[in-house]
Every structure is written in structure tokens, then in C-alpha cells.
Amino acid sequence: MPEHVSILQQVGFAILAVVTVAWVVGLVRLVRTVVFAPQGPARLPMGALPAQSQAPALESVPLTADEQDAFAGLVRQFSRR
């Protein structure tokens, strides 16, 4: 290194170079693991949830007249915007 570069700059450059090399090595290992990993059957994240056999039935709740009026008021309020 040139003489006008301080020791702190030299140490900083060395640390930066070591961290960069470690990052590249880690990235290469990660890519190799992902690319060359055997593709097995898809599994559930925790293996605790069973597969869904059919879609759930639609649910509905009858509203009272007051609830219907309140809902209609909300719809009118939001449709004005």
C-alpha cells in the first residue's frame, strides 16, 4: 500500500476484503444447495395440517330489519365517496 494510507485504512480494507470473500463463499454454497437439492414431494410447512378435501360450504346469517337498514345506510355512505 502507499505510504500516505494510514494503518486504520489498511485494516479496514483488509476486514472489508475478508467479509466480501466470506459473503461470496456463503452465497455460492447457498446457490449450490438450492440448485442441486433433490426435489422431493411438496410437504406441508409443519406437517400438521391435512389436505383440504373440498371447499367449505358458504355460510350466511339472517339479518334483522334493523341490521339490514344499518347495512343499507353503510352502503349508501360508501357509494357517495
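**Helices, exposure and a nonpolar patch**

The chain has two helices and zero strands; helices are DSSP runs of H or I of at least four residues, strands are runs of E of at least two, numbered from the N terminus. This is a predicted model, and local features need pLDDT of at least 70. Residues are numbered from 1 along each chain.

Me: Why is Trp 23 called exposed?
Reply: Exposed means over 50% relative accessible area, buried under 20%, partly exposed in between (1.4 Å probe, protein chains only). Trp 23 has 56%, so Trp 23 is exposed.

Me: Where is Trp 23?
Reply: Trp 23 is in helix α1, residues 7–36.

Me: How do you know that the span of α1 agrees with its 30 residues?
Reply: The expected span is 1.5 Å times one less than the number of residues. For α1 that gives 44 Å, and the end C-alpha atoms are 43 Å apart, so the two agree.

Me: What makes α1 hardly covered?
Reply: The count of buried residues among its 30 is zero. In the whole chain, buried residues make up 1% of the 81 residues.

Technical notes. This is a predicted model: local features need pLDDT of at least 70, side-chain atom pairs count only at pLDDT 80 or more; totals for chains, interfaces and linings use all residues. Side-chain values use heavy atoms; hydrogens and water are left out.
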